[in-house]
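Me: Please take me through this model in questions and answers. Begin with the conventions that the wording rests on.

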Amino acid sequence: MMNGRGKSDRPIQPTKPPNKAEGPAAEAVEGRGLAEGNSLERNALRTQRRGSAISALERVRQAARRHRQQRFTALLHHVYDSERWRAAYLGIKRDAAAGVDDETWRHYGEALEENLQDLSQRLKRGAYRAQPVRRAYIRKTAGLKHEWLVKFVEHRVADRRIVRLIQKWLAAGVLEDGQRTQREVGMVQGGSISPLLANLYLHYVFDLWVRQWRQKQARGDVIVVRFADDFVVGFEHRHEAERFVAALRERFAPFGLELHPDKTRLLRFGRLAASSARARREGKPQTFNFLGFTHCCAKTRKGRFTVLRLTMRKRWQAKLQAVKAELKRRLHTPVRSQGAYVRAVVLGHVRYSGVPMNGAAIGAFRQAIGRVWWRVLRRRSQGNHLSWRRMTRYLTRWLPPAHICHPYPLVRLGVITHGKSRMR
């Protein structure tokens with residue numbers, strides 16, 4: 001996080017609300033205007049080709065951006081679109097685990113058109129019932145409250161059929177040991193719509209509020225970065241960071257959220273963090289984790305401040321253990337099949353973690369994957385003595401090179417206007 005004014009670079013606060021909901025609170029978070037008639041998407045054909053369906057949704061997006069107060073009264077016909085369902089079906093992993101109804105991708109596709117038609121008819125006549133999700137225990141507190149979530153949806157969606165459909169998903173509950181349980185708080189981990197609804201909830205509870213706080217309360221620079229329920233807030237002045245934390249706790253409480261006690265902290269970060277730490281005899285500046293990277297204060301070759309992003313060590317090791325277990329499961333599958341798997345793993349890791357100055361970490365990950373694969377191949381039989389020299393040929397063939405595939409932030413985010421003034 002860099003401060004662009006040349007003043008003291010103060011703390012950054014990584015925080016995470018772990019989804020806890022208890023009590024309600026009333027607040028007008030976004031103006032609710034009267035419906036302006038049926039919005040632009042009504043002009044779309046009821047039976048749409050794929051191209052027209054996409055353009056219809058784009059018109060909805062454009063109308064939502066232009067008219068911040070508008071509520072949409074006719075949206076459900078977009079849900080009925082069979083082309084979109086077919087594309088969603090084809091986008092599912094073919095070897096994905098079956099749901100609570102034991103339906104697999106392959107079995108559903110044997111009568112795809114009939115199944116899609118049946119789904120469409122059940123939605124139209126209101127007979128659709130959302131399936132519960134199998135419970136998988138993840139150590140988190142309770143969740144986001146349904147009453148408030150529905151109110152937030154209704155700020156922009158006036159189509160009661162869409163609202164009822166969302167309520168069905170919220171009420172689907174979880175299935176554990178054959179017993180279905182329903183809750184009035186939280187969204188089920190693994191539910192297909194859960195990430196979208198959680199993002200919407202935090203938009204009203206956090207995004208709009210922090211925008212107002214920054215405009216009315218802050219005197220120095222404030223930088224906010226949020227992804228899902230993880231966010232980092234950077235401040236120019238420490239006293240404003242402290243006031244923000246206290247205000248945010250008060251803001252979250254009525255909506256049933258709280259800051260994660262282990263992941264919420266204040267720390268000095270920026271151009272002056274190193275000199276400030278030396279003056280206080282605190283050693284190196286502190287680091288923080290965000291989106292799978294450990295963020296550190298560093299310098300370029302020219303001595304300028306930069307943010308160093310390194311793959312989190314715990315994330316790196318956890319992925320390595322998962323790959324090791326999967327290769328053991330595939331112990332006797334052909335080398336070609338194993339090679340395709342490890343190639344996909346390394347390629348995905350490189351594409352995500354290949355940020356500037358992280359080359360050594362992704363190179364070490366590639367090498368570690370290669371050694372794990374080598375040990376697994378040597379266990380295929382007692383007489384198998386696969387030499388490392390031969391293994392390197394496998395690695396050259398199947399593992400993509402570890403290279404930086406993301407540009408530097410100034411290259412990626414630096415935008416120059418026609419007047420040659422830099423946009424922030």
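Reply: Helices (H or I, at least four residues) and strands (E, at least two) are DSSP runs, numbered from the N terminus. The model is predicted, so local features need pLDDT of at least 70 and side-chain atom pairs count only at pLDDT 80 or more, while totals for chains, interfaces and linings use all residues. Residues are numbered from 1 along each chain as its sequence is written, and side-chain values use heavy atoms, with hydrogens and water left out. Read in this way, residues 293-299 make up the strand that holds Ala298, namely strand 9.

Me: Is Ala298 buried or exposed?
Reply: Buried means under 20% relative accessible area, exposed means over 50%, and partly exposed lies in between, with a 1.4 Å probe and protein chains only. Because its relative accessibility is 15%, Ala298 counts as buried.

Me: Which residues is Ala298 in contact with, leaving aside its neighbours within four places in sequence?
Reply: Contact means heavy atoms within 4.5 Å. One of the partners, Leu308, is 10 residues from Ala298 in sequence and 5.8 Å from it in space, C-alpha to C-alpha. With the neighbours within four places left aside, Ala298 is in contact with Arg304, Phe305, Thr306 and Leu308.

Me: What is the mean pLDDT of the chain, and over which residues does pLDDT stay under 50?
Reply: pLDDT is the predictor's confidence in each residue, from 0 to 100; the mean for the chain is 77, and 74% of its residues reach 70 or more. Where pLDDT is low, the predicted coordinates should not be read in detail. That caution applies to two stretches under 50, for which the model has 26 contacts beyond four places in sequence in the one case and eight in the other. In that order, the stretches are residues 134-142 and residues 415-424.

Me: Which element gives the largest share of the largest nonpolar core?
Reply: A nonpolar core is a set of buried Ala, Val, Leu, Ile, Met, Phe, Trp, Tyr and Cys residues joined through side-chain atoms within 4.5 Å. The largest such core has 50 residues, and those with the most contacts inside it are Tyr201, Phe206, Phe244, Leu248 and Phe252. Among the elements that give two or more residues to this core are helix 1 (50-66), helix 5 (112-124), strand 6 (230-235) and helix 9. The largest share, 10 residues, comes from helix 8.

Me: How many residues does the other core have, the one that includes Val342, Val372, Trp373 and Leu395?
Reply: In soluble globular proteins, nonpolar side chains tend to be buried together. The core that includes Val342, Val372, Trp373 and Leu395 lies apart from the largest one, and its count of residues is 24.

Me: How many residues of helix 6 are buried?
Reply: Among what covers the buried residues of this helix are helix 7 and helix 8. The buried residues are His146, Trp148, Leu149, Val150, Phe152, Val153 and Glu154. Helix 6 is therefore largely enclosed by the rest of the structure, and of its nine residues the number buried is seven.

Me: Which residue meets Glu147 in a salt bridge?
Reply: A salt bridge is a side-chain nitrogen of Lys or Arg within 4 Å of a carboxyl oxygen of Asp or Glu. Glu147 is partly exposed, with a relative accessible area of 43%, and its partner lies four residues away, about one turn of helix 6. The two side chains meet at 3.7 Å, N to O, and the partner is Lys151.

Me: What is the distance between the closest N and O atoms in the salt bridge of Glu154 with Arg160?
Reply: Glu154 is buried, at a relative accessible area of 17%, whereas Arg160 counts as partly exposed at 39%. Between their closest N and O atoms the distance is 2.4 Å.

Me: Which residues form a nonpolar patch on the surface?
Reply: Patches are made of residues with over 30% relative accessible area and no salt bridge, with like charges joined within 9 Å and nonpolar side chains (Val, Leu, Ile, Met, Phe, Trp, Tyr) within 5 Å. One member sits in the loop between helix 12 (335-353) and helix 13 (359-378) and is partly exposed, at 35%. With about 300 Å² of accessible area together (Shrake-Rupley method, 1.4 Å probe, only the protein chains shown counting as cover for residues), the patch consists of Met357, Tyr408 and Val411.
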